[in-house]
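I opened this entry to record what I looked up, going from a pair of helices to a single residue and then to a whole chain.

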Amino acid sequence: MSLPCGIRNYSYDTDTAIIHTRTQWVMFILFLIALYTMPLYLPRFGLDVINLMGITIVSIVGLNILVGYCGQLSIGHAGFMAVGAYTTAILGNSLGLPFLASLVLSGLSAGLVGLLFGMPSLRVKGFYLAITTIAAQFIIIWIINHWTDVTHGSMGISVEPASIGSFQFDTEAKQFYLIMSVAGLSVLFATNLARSRVGRAFIAVRDNDLAAEVMGINVFSYKLLAFFLGCFFAGIAGSLFAQWRGNITSEDFTFGQSILYIGILIIGGLGTAIGPMLGVIFIRLLEQFVIFLSPMIEQTFSGLPTGFATGLSSLVFGLAMIVFLIFEPRGLAHRWQLFKASYRLWPFSY
Amino acid sequence: MRRRRMTVPLALLLLAALAVSILPGCTPTTPVTAKVIKLGLSIPFTGAAAEKGAPIGQGQLDAFKYINDELGGVEGYTIEPVWYDTNYDAAKATTIVKKIMDDGCSFFTVVASKDMNASKEAANRAGFPGMVCFSSPSLTHPPKHIYAQLPDYGDDWAAFARYYLESIWKGEGKPKMALMLLNNSTGYGVKDAARAAADELGIEIVAVEEHTATTISETDALTRIKDKNPDVLFISSTPAPTAVILKNAYDLKMIPGLTVGCAHASFTKALIDLAGKDVTQGIYGVYPTVNWGDNVPGMAKMMEYCNKRHPEYAGNNDYLIGWASSLINAEIVRQAIKVSGGDALVKGDAAAWALMEKNGFMNVKNYDVEGLHGPVNFSDPVDKRGSKSVKIFQVKDGLLVSQTGWVDAPNILYENLDWFGK
């Protein structure tokens, strides 16, 4: 673990701490203050975008455990989110379960479905495993579309806003606190997991599963654990998505979304604690930026061919992916590390 | 140094995106003091539905230009369309409707049923009225704050089924019908309508097959359908997959011979362009507007704008739907201004939304849309469909030829059916 210049650890506690210095604590507290006061100055739309970011962070944290730490490529993450979302909707509407219970059960149900589709990981890996997870995506959506007695098919399901006791999270601002709290806990869990025995086993399996097995790691059970945890977070994200949106249909969890999540993780940085957050912030802001930019360009440059400005969205995303894969395959997390290093050493570059 | 070269632009890009797209007061809209009424438009200009979203969106924007430039706005108020591209992405559509609310729009219009499905809950909770061009039963049932410009896909099926029984079917007993449906609300709307009304009409549904928007072959599904020996095939999808289905059916020698009907989402010039004249010859389709070039009052001006500004969409009835949508928007605003006065609507806040719905939407009664499609009536508190009428067309030598006048589609009260949404 990298430490700021002139800092040394003198105890086990300080060695294992995530935040090391007083400056870091101050900056972290300032960040929390800035984050949790956002509802005071952001409009409804801004909060909504940040809520969506928070939900996506929870989902990408799970994908990062699975793909980034354990090296099991999954291209069906949106399908696992759908399991969580529908679990929340069905349990909430039919059984009247409180939100917190259905939140946990959503994670568990998605995790169990993930276990099922993770079983082929014993025999196949890499692109072959990716194909089995694509199958998961399509099978889950097919079931949702056809098990209409439970899922309501194309009608979708309405979901009441989350509530704890008599307190309802029925506005963007209230949802913000719920979603950010869950996102924060998810990031904290994943950060600590990566530094634990389990996390190190995941990394060993990712780097060389044969060598890991020789070292005594039960590769299959760790792969399954990674699938369970990755899909558990997808289920939690799906549950949050359902209550954020207020209604869900299978169209909210498309194969395109699964691809997008992989793209977000690559741009953020695979196998890093901060990568999922940076990737989500970058992509979601870019989306909003392009949504805003297209009408402006169309209105300003009326001579442009039809569809030029509106096609910017696809162009920008494709370009971002190519630029990152060529110039920074380690993602924004690596840039963040470089920035911190140069900041600590400034004005002495080396 | 090399490393920093990329870090700084990335950081700047992130900051710019944050500042422009999220912080308040940065939107390019007009201050609320002007005599301007803002209307939100959520358009899938890009993405899987762009072939329909782009002509409809351009039709909407061109019509607002016509209304402002040539008609002087509505009752002295300029209409400012505030539009965003949804990319046919549900998550984006959800945030866009919030953006439209924040922008001070008095109501909003969504092109695609999928996008409205993603937006409707936020709009219904906030009491923010909206109109959707292409609708499915799930958007307007049960009735809340969402209105449909046109009959929904279920209505297409009901209207075509009636026409088939009255004008085409010559056999005895119940005709056998197969359904080929897109795997979203475009297709499932038809499935719901068939489930609700097939028995009553006297039609036997012998096969229901689904496909994706990106399908490249439906030979398997059509072979299964062929085995059931149907009398008629009904397709509810978008132009590209419908073209694939028709080409496959042609190769399997199912057509010509089998009667084929298409719901309005696919039945445009784009379908004939994609599938070809030979394959589409004799295909029936339902469409909720008059045909391009028909002699109705609003046609000349619409064609003038289309030819001048977007000639690539000439002959595309989706452009016509977009144009008509804006004319209806203007009528809603006109009715609201008459009762509430424009100044009460300019702010685009919750009070303006309520006034717009009560005095605008609910006062639109049999508005003729300059003859471009069936008359629009939003005053019925139960039936939220504006136009209830469709026409049956047939493809003849690459042209859509009208076979009927306006055919009314009954309002199926889905919410009263015990299986709907349960």
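I began with the handedness of one helix pair in this predicted model, and found that α4(A) and α9(A) cross in the left-handed sense. The helices concerned are α4, residues 44-69 of chain A, and α9, residues 172-194 of chain A, and I noted an angle of about 20° between them, with the axes 9 Å apart. Since angles under 35 degrees count as roughly parallel, I entered α4(A) as roughly parallel to α9(A). I then sorted the residues of this contact by class, which gave 18 nonpolar, five polar and three charged.

Next I turned to V232(B), which I located in strand β8, residues 232-236 of chain B. Is V232(B) buried or exposed? I counted 21 C-beta neighbours inside 10 Å, and because 20 or more are required, V232(B) is entered as buried. Setting aside neighbours within four places in sequence, I listed its contacts as Y164(B), P175(B), M177(B), T259(B) and G261(B). I also checked V232(B) against V290(B), 58 residues away in sequence, and read a C-alpha to C-alpha distance of 25 Å.

Last, I looked at chain B as a whole, in which I found 15 helices and 13 strands. Its radius of gyration is 22 Å, close to the 22 Å that the globule rule gives for 422 residues, so I put chain B down as being as compact as a globular protein of that length. The C-alpha trace of chain B spans about 65 × 65 × 45 Å along its principal axes, and 57% of its 422 residues count as buried. Among contacts in chain B with a separation of 6 or more, I noted that 71% join residues 24 or more positions apart.

Conventions:
Residues are numbered from 1 along each chain as its sequence is written. Chains are lettered from A and ligands numbered from 1 in the order in which they are written. This is a predicted model: local features need pLDDT of at least 70, side-chain atom pairs count only at pLDDT 80 or more; totals for chains, interfaces and linings use all residues. Axes are lines fitted to C-alpha atoms, for helices over the stretch in contact, and angles run from 0 to 180 degrees between N-to-C directions. Helices (H or I, at least four residues) and strands (E, at least two) are DSSP runs, numbered from the N terminus. Angles under 35 degrees count as roughly parallel, over 145 as roughly antiparallel, 65 to 115 as roughly perpendicular and the rest as oblique. A crossing is left-handed if the near helix is turned anticlockwise from the far one by less than a right angle, and right-handed if clockwise. Ala, Val, Leu, Ile, Met, Phe, Trp, Tyr, Cys and Pro count as nonpolar, Asp, Glu, Lys and Arg as charged, and the others, Gly among them, as polar. A residue is buried if 20 or more other C-beta atoms lie within 10 Å of its own, exposed if 12 or fewer, and partly exposed in between; C-beta atoms are placed from the backbone. Two residues are in contact if their C-beta atoms, placed from the backbone, lie within 7 Å. The radius of gyration is taken over C-alpha atoms; the globule rule is 2.2 Å times the number of residues to the power 0.38.
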